[in-house]
Amino acid sequence: MTTTIATTDTTDSPAVTAPHSLSWALRDSWNEAMRHLRSLPRSPEVLLFTTLQPIMFVLLFRYVFGGSIKIPGISYNQYLMPGIFAQTVVFGSTFTAIGLAEDMQKGFVDRLRSLPISQPAVLVGRTISDMLRNTITFLVMLAVAFAIGFRFEGGVARGVLATLLLLAFSYAFSWIQALIGLSVKSVEAANSAGFLWMFPMTFVSSAFVSTSKMTPWLRRVADVNPFTVAANAARALYNGRNPGRDVWLALAWAAGIVVVFATASVRRFAHAAD
Amino acid sequence: MPVVEAVGLRKRFGKTEALRGLDLAVERGTVLAVLGPNGAGKTTAVRILTTLLKPDGGHAIVDGLDVTTHPREVRARIGLTGQFAAVDERLTARENLELVGRFFRMTGGRPRQRASELLTDFDLDDAADRVVKGFSGGMRRRLDIAMSLVARPSVLFLDEPTTGLDPRSRLGMWDLIEHLVAQGTTTLLTTQYLEEADRLATGIVVVDHGSVIARGSADELKAQIGGDRVVVTLPVDGDPLHDGAEVAVVAALAPHAVPGAPVTREGRQLTVAVRAGTNTPDVIHDFDAAGVVVQDVSIQRPTLDDVFLSLTGHGAEAS
């Protein structure tokens with residue numbers, strides 16, 4: 001060993017003098033996001049499994065239910081795909097809870113919290129990287145959907161807009177998942193707590209069937225479900241129909257969720273050791 | 001002025017009082033071992049000193065900065081290696097080190113350069129570009145400590161650095177820590193291994209139930225419980241119950257014995273408290289000169305385990 005390890009009377013940590021600016025916070029977020037993204041190509045099996053499930057859903061719903069479900073005025077394929085896209089990206093947000101719980105359990109969160117970085121950057125970096133991972137899943141899913149006849153009937157611009165809307169919506173859900181991941185004690189708990197409520201939320205909605213045939217109370221729940229709003233907005237855009245106020249309503253939901261849950265998560269993170 | 005100073009630290013988790021007014025200080029260039037059983041409050045103290053946890057009472061200064069009012073400034077000056085190897089196992093060793101460098105605001109080629117230095121210093125050159133997932137426990141620990149030293153911190157906190165390591169890796173870790181200490185790294189380490197504190201630390205604080213019950217050097221602590229003892233085993237062929245043998249032994253030991261110290265006898269074993277520094281050849285020589293025949297002579301020096309037992313009335317294993 002040489003003498004380079006030595007700690008000295010004065011630390012040479014540039015962080016001692018570096019200002020705490022927004023640009024450093026962004027840089028921290030990016031470094032943290034890169035920590036997760038860098039490992040993606042190394043575990044192709046993770047990516048494979050995350051894309052396999054949506055592909056399975058696309059094919060199962062299309063070919064098993066597709067024949068018997070009739071939605072007036074639209075082919076079921078064109079109706080269904082936006083719903084599956086929405087469900088898949090929202091399901092994808094659970095990676096945030098699982099990943100954070102894992103970092104907590106393994107002590108990495110302690111390491112991050114003991115570094116002179118912007119603390120919210122840890123959560124921003126995590127949610128951003130999960131959104132980028134979700135984007136990859138989305139692209140694979142779009143390719144499969146196109147292969148079985150799905151089209152951007154409203155044109156490419158609106159198709160892209162619809163896709164971005166769903167990604168933004170799932171990004172908001174990543175913050176709910178962040179709070180879950182920071183609040184549970186184990187990865188297993190994060191997995192269950194992150195996933196369980198997603199099933200009623202995505203099925204009691206307009207994602208797979210029209211809410212008009214549901215019993216009145218269920219229909220009322222489904223109609224106010226933000227997931228219905230997002231699925232309807234995306235569906236209208238993909239199919240070139242008028243989304244009405246659904247696009248803005250979906251974005252408002254997303255913004256509201258981010259504000260509430262990002263605030264709560266950042267607070268929770270600051271007390272992660274308690 | 002001490003690099004680390006904690007005064008009257010208190011912390012409560014629900015009904016458990018983890019810390020009840022803990023005081024400690026680490027002088028620059030020294031190693032303080034915080035020694036105590038599981039649940040004594042060692043980790044809680046480290047977490048407060050490293051800004052991870054806010055104390056309910058008392059205050060702590062690290063490198064002249066209050067940990068509760070200037071957490072970010074404190075974080076820029078410390079290195080922490082917690083109980084679990086906090087490495088990202090999906091990344092390579094080099095990537096882990098570079099990441100920490102960037103988080104410490106190093107720019108340009110500096111993170112890479114520093115990572116290379118540390119990889120060499122910590123004997124990880126061969127594994128530098130391998131994903132950490134395949135590393136052994138000892139390698140992970142080394143990388144973990146290297147990550148804590150990226151920015152050459154003013155003080156290094158090691159929370160139970162050898163817990164969970166196999167004996168060989170533990171010895172390796174001790175060598176490593178001794179090396180860091182030799183270079184002047186100010187260190188606070190917690191341990192439940194008495195041997196570890198004895199070997200690595202300049203000063204020791206013994207913690208039990210959230211407060212310090214003793215402090216001093218290893219030798220000072222040992223002196224508190226009465227120093228060295230000679231244990232003599234009487235020969236089998238002699239009459240073990242014959243007082244003559246015992247009297248002869250005690251008489252021969254007189255030059256070494258602590259005046260007035262009691263002699264305890266258990267079967268064929270006699271234990272006599274002797275002055276510090278008494279050695280076996282001297283005792284054997286005196287036995288020979290007096291014509292006393294014994295089967296075995298040994299000198300027992302107290303371990304920190306004895307210290308713990310005498311201070312708390314229970315062993316160091318459970319609090």
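Four strands of chain B line up as an open sheet in the order β2-β1-β4-β5, with antiparallel pairing. That's how things look in this predicted model, which scores ipTM 0.88 and pTM 0.84. Chain B comes to 11 helices and 14 strands, and 35 residues of chain A are in contact with 43 residues of chain B.

**The open sheet in chain B**

- β2 (16–26) and β5 (65–66) of chain B sit at the edges with a single partner strand each, so one side of each has no neighbour in the sheet.
- Further in, strand β1 (residues 4–13) of chain B and strand β4 (residues 57–62) of chain B pair in the antiparallel sense, with 5 bridges between them.
- If you want a spot to zoom in on, B:A6 stands opposite B:A60 in β4(B).
- Helix α1 (residues 42–49) of chain B packs on this sheet and touches β1, β2 and β4 of chain B. The direction of that helix makes about 115° with that of β1(B).
- A general reminder for anyone looking at side chains here: in a regular strand they alternate between the two faces of the sheet.

**A hairpin in chain B**

- Strand β9 (residues 203–208) of chain B and strand β10 (residues 211–216) of chain B also pair in the antiparallel sense, over 5 bridges.
- Together β9(B) and β10(B) make a hairpin with 2 residues between them.
- B:D208 has B:S211 in β10(B) as its bridge partner.
- In the turn, B:H209 has a positive phi of about 50°.

**Other positive phi values**

- Some background first: most residues other than glycine have a negative phi.
- B:D123 goes the other way, with phi near 60°. B:D123 belongs to the loop between α4 (110–121) and α5 (137–148) of chain B.
- B:E160 also has a positive phi, near 45°, and lies in the loop between β7 (155–159) and α6 (167–182) of chain B.
- Is B:E160 buried or exposed? B:E160 counts as buried because 22 other C-beta atoms lie within 10 Å.
- B:D123 counts as partly exposed, because there are 14 C-beta neighbours inside 10 Å.

**Nonpolar cores**

- The largest nonpolar core has 142 residues, and the members that touch the most others are A:A86, A:A230, A:A234, B:A33, B:L49 and B:V62.
- Helix α7 (residues 156–183) of chain A gives the largest share of this core, at 13 residues.
- Which residues does A:A230 contact, leaving aside its neighbours within four places in sequence? They are A:A86, A:L166, A:F169 and A:A250.
- There's also a second, separate core of 12 residues, which includes B:V230, B:V249, B:A252 and B:L253.

**A closer look at B:L270**

- B:L270 is part of strand β13 (residues 269–273) of chain B.
- B:L270 counts as buried because it has 21 C-beta neighbours inside 10 Å; the cut-off is 20 or more.
- Setting aside neighbours within four places in sequence, B:L270 contacts B:V232, B:L234, B:E246, B:V249, B:V263 and B:R265. One of these, B:V249, is a member of the second core.
- The C-alpha atoms of B:L270 and B:V231 are separated by 5.6 Å, although the two residues are 39 apart along the chain.

**Where the chains touch**

- On the side of chain A that touches chain B, the elements giving two or more residues are α1 (22–39) and α5 (108–113) of chain A.
- α1(A) provides the largest share of that side, at 5 residues.
- By class, the same side of chain A has 12 nonpolar, 12 polar and 11 charged residues.

**Chain B overall, and how far to trust it**

- The C-alpha trace of chain B spans about 80 × 45 × 35 Å along its principal axes.
- Chain B has 319 residues, of which 46% count as buried.
- Among its contacts between residues at least 6 apart in sequence, 67% join residues at least 24 apart.
- Chain B averages a pLDDT of 87, and 95% of the residues score at least 70.
- Where is confidence lowest and where is it highest in chain B? The lowest is in helix α11 (residues 304–312) of chain B, with a mean of 74, and the highest is in helix α3 (residues 93–103) of chain B, at 96.
- As a rule, predicted coordinates should not be read in detail where pLDDT is low.

Note on methods: Residues numbered from 1 in each chain as written. Chains lettered and ligands numbered in written order. Core = buried A, V, L, I, M, F, W, Y, C linked by C-beta atoms within 7 Å. Contact = placed C-beta atoms within 7 Å. Pairing = 2+ DSSP bridges. Nonpolar A, V, L, I, M, F, W, Y, C, P; charged D, E, K, R; others polar. Axes fitted to C-alpha atoms, helices over the stretch in contact; angles between N-to-C directions. pLDDT = per-residue confidence, 0-100.
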